[in-house]
Amino acid sequence: MKIKKILAIVCVALAGCSIFSGCTAFDKEVYFESSCGRNTIFKIGDLKCPKKEALTYLVNSKNIYGTVDGVNLWTKDFDTDVICGSLKDAVIEHLTKVYVLNLYASENEIVLSETEEESCKKAASEYYSSLNDSEKSYMGVREKDICRMYEKYVLATKVYKELMDSVDEEVSEDECRVMEAFVLFVSSEDEAKEIQAKIDNGSTFERLAATYTELDSYKATFGRNQYDPAVDEVVFNLDTDEVSGAISADDGYYFFQCLNKYNEKLSEENKQVIIEKRRQQVINDIVEDLENRYYSDMNTKLWDKISIDSKMSDDLCTSTFFEILSKYSK
């Protein structure tokens, strides 16, 4: 299995372990180590992510995603430095999102209920009991540390769900509409005039598109905002089989023939994409606002020193951090 495919699978799997996929946390800037603190990976506002929390996430991720399709990633057959880098990037992105949502919770007086706090304590007790001495030593954690990690994660999840409940999920048929068309694009004005003349004289559009288009394909399936607004304005008013005139956009000229002005299956799928973009935008707006109002930094010197590879002790096999929390958070 090629390394690019392996990394793609790992990144998708890591994204799946988090409900906060698809948004950016804060821009990482390099500051002197003392800015964050000796054992702090990053900070945003007054919230600091300790090294022990990052190690807990990292070791669990390494063991959860250390094997893909029965292939052990931590062997000499793969570039473990690249894999380690991908895992670390995913972990830091995951953690910064958790902290951003905790900062939002603090500002908006969103707190855990007694039931949620108790669930975190029970989950922490079970997870900590599952750790061997080597794991406790490597991560540098005690049961109360695990409990705090769980509380932050559960609070972030609570905030996320509340924010998502506020997202408008009404999408009109026209907004989500996906259409199919033959598309012809040329960069020359003279050539565009020649094509227009042939269309006016009754030439078959598909043949013209196959002959003249400078695009990789002359058939396209698309929704709104995939082309220049000038294209959308014309094309989404075409009826099935109707051919457009020349549309000036992208330093050239487009012609379209509508084959299906509403692909029902793809339009329904696009509706979910639009809703997801709205959800992401809610989070992105919050992150941007917090970035503008709070100082944040990344202890790159400390983070760069942390490594996970095949040399990591076989005693460090913990992988149930998220699984146990999920059991108590239902």
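The questions and answers below walk through parts of this predicted model.

Visitor: In what order do the four strands of the open sheet stand?
Guide: The sheet in this predicted model is open and built from four strands, and its pairing is antiparallel. The twist from one strand to the next averages 45°. Read across the sheet, the strand order is 6-5-8-7.

Visitor: Which strands stand at the edges of the sheet?
Guide: An edge strand has a single partner strand, so one side of it is left without a neighbour in the sheet. The strands placed in this way are strand 6 and strand 7.

Visitor: In strand 6, which residue is the bridge partner of F182?
Guide: Strand 5, residues 179-186, runs antiparallel to strand 6, and four bridges join the two. Within strand 6, the bridge partner of F182 is K219.

Visitor: Along strand 6, which side chains point to one face and are buried?
Guide: Strand 6 covers residues 219-222, and its side chains alternate along the strand. K219 and T221 point to one face and are not buried, whereas the side chains that point to the other face and are buried belong to A220 and F222.

Visitor: At what angle to strand 5 does helix 10 run?
Guide: Helix 9, residues 189-200, lies across strand 5 and strand 8, running at about 35° to strand 8. Helix 10, residues 205-212, packs on the sheet and touches strand 5 and strand 8. The direction of helix 10 makes an angle with that of strand 5 of about 50°.

Visitor: Is S244 buried or exposed?
Guide: S244 sits in the loop between helix 11 and strand 7. Leaving aside residues up to four places away in sequence, S244 touches V234, L238, Y254, F255 and F256. Because its relative accessibility is 4%, and the cut-off is under 20%, S244 counts as buried.

Visitor: How many residues of helix 3 are buried?
Guide: Helix 3, residues 51-64, should span 20 Å at 1.5 Å a residue, which agrees with its end C-alpha atoms being 20 Å apart. The helix is mostly covered, and its buried residues include L55, Y57, L58 and V59. Of its 14 residues, the number buried is 10.

Visitor: What is the handedness of the crossing where helix 5 passes helix 14?
Guide: The axes of helix 5, residues 114-130, and helix 14, residues 321-328, come within 9 Å and cross at roughly 145°. Residues making the contact include S119 and Y127 of helix 5 and F321 and Y328 of helix 14. By class, this contact has six nonpolar, one polar and three charged residues. The crossing of helix 5 with helix 14 is right-handed.

Definitions and conventions
Residues are numbered from 1 along each chain as its sequence is written. This is a predicted model: local features need pLDDT of at least 70, side-chain atom pairs count only at pLDDT 80 or more; totals for chains, interfaces and linings use all residues. Side-chain values use heavy atoms; hydrogens and water are left out. Buried means under 20% relative accessible area, exposed over 50%, partly exposed in between (1.4 Å probe, protein chains only). Two strands pair if DSSP finds at least two bridges between them. Contact means heavy atoms within 4.5 Å. The expected span of a helix is 1.5 Å times one less than its number of residues. Axes are lines fitted to C-alpha atoms, for helices over the stretch in contact, and angles run from 0 to 180 degrees between N-to-C directions. A crossing is left-handed if the near helix is turned anticlockwise from the far one by less than a right angle, and right-handed if clockwise. Ala, Val, Leu, Ile, Met, Phe, Trp, Tyr, Cys and Pro count as nonpolar, Asp, Glu, Lys and Arg as charged, and the others, Gly among them, as polar.
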